[in-house]
Every structure is written in structure tokens, then in C-alpha cells.
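Dear colleague,

Please find below the structure that I am handing over to you. A summary of the findings follows it.

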Amino acid sequence: MTRTHLQTAGIVLTAGAFATIAFDVFGQALSPLFGFAKLAPVGLAGASIKAIFGANPSGAAYLLHALTGLVFYAVGWFAIARPLQQAVMPRLHWSATAVAYGVALWVFALYVMAHLVTGNKPFLGFTGITWVALWGHIVYALIAAAIMEAKGAVLTLRRTPAGVPAE
């Protein structure tokens, strides 16, 4: 792994860390402070682990929540969402893509995981937590994307064939 690859990995992980902190502060502190619902991402992670594996060992839900924010969602932006946007709509500002990515994360969390995996109502019944989760995922995506954009961690898909034979 080259120095550039290590720097890029560090930027992606840093972006995921700051975005996860922002998500948790927004959803578990600011939202209830202002009278809105409180997010329970660790509860959803625990329910998902239990649904998939039949048990939820102590600490596993916290670990899953942390890894999801620190690694999986951040890598999703870096390796899927941003390169796809650059290939399809290269002139679109990254922030618009980040908002769309945040909405996609929200759909994944509240429909796929909360409904299809754990058996809750779709989007948790569109209660107060639903809308806090929507904004929380958008905040996450904007923070992660902003850090990666500011530090130049942008994966560009190759547009020309890698090995073009000489004529």
C-alpha cells in the first residue's frame, strides 16, 4: 500500500469518525434538547445482530454502530456514491450528491435494516424518530463528504481502458 493510499484511507476514516460524532450529537443530544425524538442507532444495531445471529453479545451493537459510521458508510461515499455521481453527472455539486446519499442511508437504515431485517414497521411507522433519522443521515453524509472533498479524497473512475494495445 502506497503512502497516497494510506493517506486516503486515513482521510476516509477521519471523515467517517467526524460524521459519526456529528450524527450521534445531532440525534442523541441536540434533537431531544430541542424537543424532538432521540435516535437509538445502537438499539437498531443490536436488534439487527439479534435478528441475523439469534443473539446480541454485550458490546456488539456499539461496535456495529461505530464500524458502520467509521468505515462502511464513509467507504460507501468514497467508493460508490461520489464516483457514480462523477461518472453520470460530473457537473453536479458534491453537496447535492451528499444529501441524496444521506437519504439513501436513511432508507437503508429505516427500511432495509429496521423493517426487512428486524421486523419493525417500515420507516418505524413515520413517527418523530423517522424524521430525526432522516436529518441525522443527511448531516452524516454532508460532514463525511465535506471532509473528503476538502482533503482531496475523491475516487475517480477510469474512463479509458487500462491496457490499450499499441497499433
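**Overall fold and a nonpolar patch**

Read along the sequence, the protein chain follows the pattern α-α-α-α-α. In total it has five helices and zero strands, where helices (H or I, at least four residues) and strands (E, at least two) are DSSP runs numbered from the N terminus.

This is a predicted model, in which local features need pLDDT of at least 70 and side-chain atom pairs count only at pLDDT 80 or more, while totals for chains, interfaces and linings use all residues. Residues are numbered from 1 along each chain as its sequence is written, and side-chain values use heavy atoms, with hydrogens and water left out.

The C-alpha trace of the protein chain spans about 65 × 35 × 30 Å along its principal axes. Of the 167 residues in the protein chain, 33% are buried (under 20% relative accessible area; exposed is over 50% and partly exposed lies in between, with a 1.4 Å probe and protein chains only).

On the surface, Phe18, Ile21, Val25, Leu30, Leu33, Phe34, Phe36 and Ile143 make a nonpolar patch of about 830 Å². Such patches are made of residues with over 30% relative accessible area and no salt bridge; like charges are joined within 9 Å, nonpolar side chains (Val, Leu, Ile, Met, Phe, Trp, Tyr) within 5 Å. A salt bridge is a side-chain nitrogen of Lys or Arg within 4 Å of a carboxyl oxygen of Asp or Glu. Accessible areas come from the Shrake-Rupley method with a 1.4 Å probe; for residues, only the protein chains shown count as cover.

Helix α1 (residues 3-33) gives the most to this patch, with five residues. Leu33 lies in helix α1, and it counts as exposed because its relative accessibility is 65%.

Yours sincerely
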